[in-house]
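Subject: Structure handover

Hello,

Here is the structure we discussed. Please load it before reading on.

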Protein chains: 2
Amino acid sequence: MSDHEQQPLPPTSRLSGDALPPVEQHARQYETVRNAHETELIEDYVELIGDLLRHRGEARAADIASRMAVSQATVSKMIRRLNELGLVTSRPYRSLFLTEAGQNMAETSRARHDVVLHFLRALGVRDTTARIDAEGMEHHVSDETLAIMQRFTETHQT
Amino acid sequence: MSDHEQQPLPPTSRLSGDALPPVEQHARQYETVRNAHETELIEDYVELIGDLLRHRGEARAADIASRMAVSQATVSKMIRRLNELGLVTSRPYRSLFLTEAGQNMAETSRARHDVVLHFLRALGVRDTTARIDAEGMEHHVSDETLAIMQRFTETHQT
DNA sequence: CAAATAGTTTAGCCTCGGCTAACAAATATT
DNA sequence: AATATTTGTTAGCCGAGGCTAAACTATTTG
Ligand SMILES: [Mn+2]
Ligand SMILES: [Mn+2]
Ligand SMILES: [Mn+2]
Ligand SMILES: [Mn+2]
């Protein structure tokens, strides 16, 4: 047995902040974060490629490198990975393109990102800050929270 | 020159969602996320050790392993790192303790975590979901946004 | 067209954060 | 006290995601 801890008592004394959640629930919190971190970078790449295609018509490795502030070698390696995952197609010295699966991921990620960004702005966060925070937060927002953020934004038009 | 991209035009046509931010600003978004990810796990460990000390009186490696759903070997290795960073003190088969620096980090992280958690609950997110989302979001919320979340929570008491 | 510049890929290195397996030490049980 | 169980450490493995340096390919420029 590894859980020699006794379970927390029912919510009685609320003296010093919240009590610890039950072990299994607590464990799921951290697991969810670890899972999000596995797909986070992939999503950011795919989303960025989609945005570059949408706004620039093409997505070159060098653009990704400068926009992410990462070396071209790093981008090159990641593109190989995206290729193996069936998310992008690439011919050397040509623009990258998204596969069907890549387009789906880009669309989903972009939508989620936008909801978070617009929500933060609706809350009153300055644009630059909202963009920075949204870039990280987007990967840790559940569908439930996302829906609430969207409703909030709609009902708090500026 | 690696930025052969031309800078986006001033915000004129707002047809298909937001425009791409300027390269340097965009780069800072991703850099901020990478920086957050460097300290994230450390903060979670220190925060958890602080919570275990607060609520249980002691923090054992085995508790951390089960609460994080991670092997004991992983915890053991991480404790060595926390030790080298001067955040915890440990004697084998005894509870871990936080150094002064560790206590400061735990306090700061806990406060931030609580603001995010209470904010999500005030928004209407169910407790279990709020806990999961807060565990990831907490590391990506700027001081500016944090302050706004706190104000929001205070003025939206249920 | 030759040379310079820009873009891409590859190779090799590093740290981090997981894991399992084996062992050691402390504690609990009989 | 002997044994069983729990707890902790160590070694060695792995993949992800960074980096630099070097080579190669395309494109642009003189
Ligand atoms: Mn995004
Ligand atoms: Mn992101
Ligand atoms: Mn994160
Ligand atoms: Mn956390």
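My notes on the protein contact and the DNA surface follow.

Keep in mind that this is a predicted model.

Protein to protein

Chain A and chain B each put 63 residues into their contact. About 5,800 Å² is buried between the two chains, with carbon and sulfur atoms giving 54% of that area. On the chain A side, L20(A), Y30(A) and R67(A) supply 12% of the area buried against chain B, more than any other three residues.

Polar links are there too. I count 27 residue pairs in polar contact between chain A and chain B. Helix 1 of chain A gives the most to the side that touches chain B: 20 residues. That side of chain A splits into 25 nonpolar, 19 polar and 19 charged residues. Salt bridges between the chains come to six. One of them joins E144(A) to R126(B), with 3.5 Å between the closest N and O atoms.

Protein to DNA

DNA strand C has 21 residues around it; the nearest are A62(A), Q72(A), Y93(A), K77(B) and R81(B). By type, the surface near strand C holds 10 nonpolar, five polar and six charged residues. Helix 3 of chain B gives the most to this surface, with five residues.

Of the strand C atoms within 4 Å of the protein, 59% are sugar or phosphate, and the rest belong to bases. Two phosphate contacts to check: a polar backbone atom of A62(A) sits 2.7 Å from a phosphate oxygen, and a polar side-chain atom of T74(B) sits 2.9 Å from a phosphate oxygen. For a base contact, see Y93(B): an N or O atom of its side chain is 3.2 Å from a base nitrogen of strand C.

Best wishes

Notes. Residues numbered from 1 in each chain as written. Chains lettered and ligands numbered in written order. Predicted model: local features only at pLDDT ≥ 70, side-chain atom pairs only at ≥ 80, totals over all residues. Heavy atoms only, no water. Contact = heavy atoms within 4.5 Å. Buried area = accessible area lost by both parts, 1.4 Å probe. Salt bridge = Lys/Arg side-chain N within 4 Å of Asp/Glu carboxyl O. Polar contact = N/O pair within 3.5 Å; in protein donor to acceptor, adjacent residues only side chain to side chain. Helix = DSSP H or I, 4+ residues; strand = E, 2+ residues; numbered from the N terminus. Nonpolar A, V, L, I, M, F, W, Y, C, P; charged D, E, K, R; others polar. Near = heavy atom within 4 Å.
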